[in-house]
Amino acid sequence: MTTESAPTDPAQADPVPAAPAVPAAKSARSLAWTRRRHSVARFWREYRTHRAGLVGLAVLVLIALAAVFAPLLVGSDAQSVTGAPGDPMESPSGEFPLGTDQFGRDLLGLLVWGARMSLTVGLLAAVLSVAIGTLVGITAGHFKGWYATVIMRITDWFLVMPTLVLAIALAAVMSGTIWTIILAIGVTTWPTTARLVRAQTLAVESRPYIERAQALGGGHGHIMARHVLPNVMPLVLAQTTLVISGAILTEATLAFLGLGDPTSVSWGGLLQDAREAGAVSAGHWWYLAPPGLAIAVVALAFTLCGRAVESVLNPRLGASR
């Protein structure tokens with residue numbers, strides 16, 4: 001007698017273990033980071049072809065390292081007036097390579113400490129200026145009509161007003177601290193960035209994928225944050241490097257006019273001290289030349305880096321290498 005085997009019930013069969021699925025969000029995130037790494041590597045390859053940009057970057061790295069490690073390089077007491085190691089107005093020598101100031105302090109140490117103030121103010125003021133300009137430019141390019149008209153007329157008013165005069169007015173009515181200088185520079189130098197970003201925003205929003213995103217229900221915040229901002233960021237990055245040099249020069253000018261932070265040493269403050277000490281009429285060139293050259297070198301280095309970045313991000317500019 002033959003026995004028929006019962007048919008196998010698919011529901012009772014042992015399930016085949018499925019391969020663990022990779023979460024879609026994690027996969028998309030890793031893909032995004034991979035693309036960013038490739039973009040950074042491609043940017044660096046292109047940047048290295050610009051010799052002037054490399055020279056500017058090397059100079060900035062050296063000055064930034066000197067500013068960061070100033071306590072180790074020149075000591076934390078280099079700014080002390082009571083413990084000055086030399087005599088007032090000594091000319092350059094082996095002990096003091098750049099001479100001494102009116103209090104007998106080593107000018108080389110003061111120059112290194114001044115890099116901290118000047119670079120900090122330049123970077124933070126430029127970031128504030130570019131942030132305001134980017135926000136104004138994107139919103140003015142996205143929201144058309146009366147809002148764009150009003151905001152651009154305000155921008156035009158800031159453009160025709162002398163930036164330095166506005167910064168002096170703000171610094172004069174507020175307390176003389178580093179944050180006052182940063183605010184005075186940041187809120188007076190944003191109009192150029194705003195106009196550039198607005199023009200780029202109008203160009204981006206004329207593309208078909210913006211219309212498709214709006215048809216799929218994308219709101220104003222989504223369009224500006226996810227589609228417009230990433231496309232204007234190359235312009236913003238290049239503009240930031242160019243604004244920093246102007247911010248450093250403005251800070252030096254304010255400090256030279258006596259509107260800087262009196263408790264901190266900066267390159268503009270050193271020029272102000274040299275003027276008050278009569279270094280110009282007495283012919284003490286070592287008191288005037290180093291801070292002025294430092295300001296010029298840093299401004300030139302940032303300009304070279306900015307031109308290189310601009311050329312990499314927009315090859316049609318055809319900047320020299």
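This passage describes the overall fold of a predicted protein model and one nonpolar patch on its surface.

The protein chain contains 13 helices and 0 strands. Read along the sequence, its pattern is therefore a run of α elements, α-α-α-α-α-α-α-α-α-α-α-α-α. The chain has 321 residues, and buried residues account for 38% of them. Contacts often span long stretches of sequence. Among contacts between residues at least 6 apart in sequence, 71% join residues at least 24 apart.

The accessible surface of the protein chain was computed at about 18000 Å². Carbon and sulfur atoms contribute 65% of that surface.

One nonpolar surface patch covers about 770 Å². Its members are Trp44, Leu57, Val61, Leu65, Val68, Phe69, Leu72 and Leu73. Two elements give two or more residues each to this patch: helix 2, spanning residues 51-68, and helix 3, spanning residues 70-73. Helix 2 gives the most, with 4 residues.

Trp44 belongs to another element. This residue lies in helix 1, which runs over residues 24-47. The relative accessible area of Trp44 is 38%. That value falls between the 20% and 50% cut-offs, so Trp44 is classed as partly exposed. Patch residues must have over 30% relative accessible area, and Trp44, at 38%, is therefore above that limit.

How values were computed. Residues are numbered from 1 along each chain as its sequence is written. This is a predicted model: local features need pLDDT of at least 70, side-chain atom pairs count only at pLDDT 80 or more; totals for chains, interfaces and linings use all residues. Side-chain values use heavy atoms; hydrogens and water are left out. Buried means under 20% relative accessible area, exposed over 50%, partly exposed in between (1.4 Å probe, protein chains only). Contact means heavy atoms within 4.5 Å. Accessible areas come from the Shrake-Rupley method with a 1.4 Å probe; for residues, only the protein chains shown count as cover. Patches are made of residues with over 30% relative accessible area and no salt bridge: like charges are joined within 9 Å, nonpolar side chains (Val, Leu, Ile, Met, Phe, Trp, Tyr) within 5 Å. A salt bridge is a side-chain nitrogen of Lys or Arg within 4 Å of a carboxyl oxygen of Asp or Glu.
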